Amino acid sequence: MDLILCHTTADFDALGAAVGLTRLKPGAQVLLTGGCHPTVREFLAFYRDEYALIERRSVNVEQIRSLIVVDTQQGDRLGLAADWFYLPHLEHVELYDHHLDTATNLPVTHSIIEPVGATTTLIVERLQQLESLELTPAEATVMALGIHVDTGSLTYDSSTSRDALALAWLMTQGASLSVIGEYVEPGLSPRLQDLLTLALEQLHTTTCEGYQLSWVLLPTSDFVPGLSSIATRLMGLTHSDALLFGSWYETGQEKRLTVIGRSRQRCRSSSNPPLNLHTLFAPLGGGGHAQAASLTLREHNIETTFEDLVQHLQNQVPTAPTARELMSSPVRTILPETAIAQAQRILLRYGHSGLSVVNHQGELVGIISRRDLDIALHHGFSHAPVKGYMTPHLKTITPETQLPEIESLMVTYDIGRLPVLEDGNLVGIVTRSDVLRQFHLQETGQPVGANIQLNRLKSCYLPETMKQMLQESLTGPLQDLLRQAALAAEQRGWHLYLVGGGVRDLLLADAEKVINLQDVDLVVDGYHRAAQPGAGVELAKVLQQHYPGARLQIHGKFQTAALLWHKHSELDNLWIDIATARTEFYPYPAANPEVEASSIRQDLYRRDFTINALALRLTPPRIGEVLDFFGGILDLEAQLIRVLHANSFIEDPTRIYRAVRFAVRLGFRLEGQTEGYIRYAIASGVYDLSVAENNRAPALQTRLKNELKYILEAPYWKRAIQLLGNLDALKCIHSSLELTPELWKQLKLVDRCLRRFNPSGLCPPWQLLLEVMIAYLAPEYRYWVASGFQLPAESIERLKNLEAAKTTIFSLLPTCELPSTIANALQPYRFSTLILVMVQSPRLLRRKIWLYLWKLAQVKPILNGNDLKQLGYKPGRQFKAILDKLLEMTLDGELADRASAETFLEKQFRYSAKR
């Protein structure tokens, strides 16, 4: 165990440096040795789950391998953790600090102490040296806060250009300026402090749509510079969501009014226009930005003008998002009697950070978090019931609770998840992640990761623009079908989404062209509104009533359905899959997944790559809303194939082939870490181990064959196979298979062969290419691989007997010089077998086999059976001998026309062969 220690009463610099070190030292965890500053504590109330934090009581001292100290050199500032520096099994101690005038009293083995404004800067500089590193916005933000706070936003004398460069890099990594502004406080002059005190005393406050609005109007003797600092400080001290700070003074015969407005980014919603201070002030000659604007007027009726501004501000406040819009559902629940170890396995299976506990009547009785389970397991209580460790006294909300109240509850009580109850029933849960996602949407007006132009307007992700895109890019009949599906879902209280490749192709499409989607995936969500696992089937049946010509297929444990049209006059060949949102779990590597009903977010998380984990809402009230929880739109812009989680390729190796297929087809490249995951999964040998332990691996058999079929049928198959070879991914077919120069030559030879001729009876080209790869394996593996792929019986038999055929042909062909002898040697074999033998043959034999395939096999005797009958020959045992001899002489060029053939028959065969 590697621990990163922050000093007692940790500030943002200590926390930022520690978080950065978790990226430099994967697997290391951060320990706050003795509390933190109030602002840091408030920050962590929202962002705790974004970082690898551990509590001291959860540390197993015997497992500590190394200690890393940040922002201090004194053991007495590390609380009880100071005792760990003298553990006999401790391997090394590292120290990072920027205080040069302090002597360390710690037994460090490696230290970095340099004259910069913040310790975080030292860590950022080392992160910049790593290739292909990308921070999360939460990581970049806390590190930026560390530098801002310790350098006074680069105003303190200790600030250096290195701090500024580090900050600039963190901004490129997604540091949130609104969050930084919320936690960094500038100082005030004495006069401004007096005005601040007066403003606090006279401040008016009201709540509108769940948001707190504040305003104050103060008289001053003259113009006061720096009033914006008071407005900023008032926002922080009062936690107002929007503020109007007015100041007026008299000059001669007139009064001058200055109004400064501030609002938080959260004072907006995804479906309503945001509060915009610029538009509020613009009619009076003021302006600025949406969240920060100012106005200066020469006005006689100061109070009336200010009151009008306050009223207009209240009218601008958007409807706050409710818990129903934010919550995740259905909620994963367990019983109070569930063992700690079993609850931990459930968390692992579904990737949750906590579980709701309900009694046998389905009533909510508690919540248990991952931290609670970790502590119980640490103390050896794996078999104890969760009821002894859960939190029983809960704060709950209703589906109509608004976001500001949710935020207040989370911060006030340091709650990471709030159950949503409707009529006493648990219908959902709102987590910190849900709130943070909404904050991002409110800050940017776009889904997480969306900031692209592609071939569209920059605002292509906005609902109204996406609705327009649907109308412009899809065919009319398909639009009508999707509207019918959305209406049926809405009538049943469900949400309907277009998901996956359809959304991806819509965003990538040329704005001037109509795209013909032939494979459409729809997902029904809204479990809290009675969308049962069979909702997909019900919706498909409703659609079939409108389209009776469609063929309905129902399959799968969770009643997924498909509607198929074949050569339809309007819809052409169309396949629509309809399913209820679900999640999946792989019981072992390369297994088939186990699936169960879940939420749209979990449904998207189970998908393969970020660019395929996109959803477009088709039902009101937010038609056209794009769900992008994993940065898929950013990856579309960067043309990257990025996997959703680290174990994806271990769980399902077919995703390796899908990654390559999408990369080559779309002209994208594999994201660096994704390529690393692929190489690790292949090199680890986990697939062979899985087969050995479970006697089967469906993902390495028929599902892998299907992916190979898609690739080998495509015009880009050569580039895809080369990329698979570069990744060593052909080892998924068999651990000994590699794309050697010889195998590559064989594949290209078959391709040239198929381009020149493709006789009837030859197996499909993709299958023949696959057989070439299987035939490249040692003979003892071919039958096993072909059977696992469930190739046709003829193909399996061909590969099984290939070595025997190759041995026979290799023994006969060298002595065959005449065309007839070549034909006689090869005639017993099917073309597919001969092609497999040919690509493995030396050049001389390969030319003879090619001669046979391309020319000799097409030669027919000059005379056929009917001709012989007309000449008076009687059918019988000698009939075949005559035809064979005619073919032989034709092949060898001894017979040129019918006359020469008839002359030969008269001389060679007696009249006794005639009637």
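Student: How many of the six residues of strand S14 (residues 364–369) are buried?

Tutor: Five of the six residues of S14 are buried, so the strand is mostly covered. Buried means a relative accessible area under 20%, exposed means over 50%, and partly exposed lies in between, with a 1.4 Å probe and protein chains only. Strands (E, at least two residues) and helices (H or I, at least four) are DSSP runs numbered from the N terminus. The model is predicted: local features require pLDDT of at least 70, side-chain atom pairs count only at pLDDT 80 or more, and totals for chains, interfaces and linings use all residues. Residues are numbered from 1 along each chain as its sequence is written, and side-chain values use heavy atoms, with hydrogens and water left out.

Student: Which strand pairs with S14, and in which sense, parallel or antiparallel?

Tutor: Two strands pair if DSSP finds at least two bridges between them. Strand S13 (residues 354–358) pairs with S14 over five bridges in the antiparallel sense. Ser356 stands opposite Ile367 in S14. The hairpin of S13 and S14 has five residues between the strands, and Gly362 there takes a positive phi near 80°.

Student: How should one read the strand order of an open sheet?

Tutor: The order lists the strands as they lie side by side, and an edge strand pairs on one side only. In this structure, an open sheet of five strands has the order S2-S1-S3-S4-S5 with parallel pairing. Its edge strands are strand S2 (29–32) and strand S5 (110–113). Direction ignored, neighbouring strands of this sheet are turned by 20° against each other on average. Strand S4 (residues 92–97) and S5 run parallel and are joined by four bridges, with Asp97 opposite Ile113 in S5.

Student: Which helices pack on this sheet?

Tutor: Touching is judged by contact, which means heavy atoms within 4.5 Å. Angles run from 0 to 180 degrees between N-to-C directions, and axes are lines fitted to C-alpha atoms, for helices over the stretch in contact. Helix H1 (residues 12–24) packs on the sheet and touches strand S1 (2–6), S2, strand S3 (66–70) and S4. The direction of H1 makes about 165° with that of S1. Helix H3 (residues 119–127) also packs on the sheet, touching S4 and S5, and its direction makes about 110° with that of S4.

Student: What describes a pair of aromatic rings?

Tutor: The distance of the centres and the angle of the planes describe such a pair. Rings of Phe, Tyr and Trp (its six-membered ring) pair if their centres lie within 6.5 Å; planes under 30 degrees apart count as stacked, over 60 as edge-to-face and the rest as tilted. The structure holds 12 aromatic pairs. One of them joins Tyr547 and Trp565, edge-to-face at 5.8 Å centre to centre with 85° between the planes. Tyr547 lies in the loop between helix H19 (535–546) and strand S19 (551–555), whereas Trp565 lies in strand S20 (residues 560–568), so the pair ties together parts 18 residues apart in sequence. Tyr547 counts as buried at 17% relative accessibility, and Trp565 is buried at 5%.

Student: How far apart are the ring centres of Phe609 and Phe662?

Tutor: Their centres are 6.2 Å apart and their planes stand at 80°, so this pair is edge-to-face. Phe609 lies in the loop between helix H20 (600–605) and strand S24 (615–617), and Phe662 in helix H23 (residues 654–666), so the pair ties together parts 53 residues apart in sequence. Both Phe609 and Phe662 are buried.

Student: What stands opposite Trp565 in S21?

Tutor: Leu574 stands opposite Trp565. S20 and S21 pair in the antiparallel sense over six bridges, and a hairpin joins S20 to S21 through three residues. Strand S18 (residues 519–525) pairs with strand S21 (residues 572–580) in the parallel sense, also over six bridges.

Student: Why do the buried residues of helix H32 lie on the same side?

Tutor: An α-helix has 3.6 residues a turn, so residues three or four places apart point the same way. The buried residues of H32 (residues 802–812) are Leu802, Ala805, Lys806 and Ile809. They cover an arc of only 100° around the axis, which puts them on the same side of H32; the arc is that of the directions from the helix axis to the C-beta atoms. Among the elements that cover them are helix H29 (765–775) and helix H35 (843–854).
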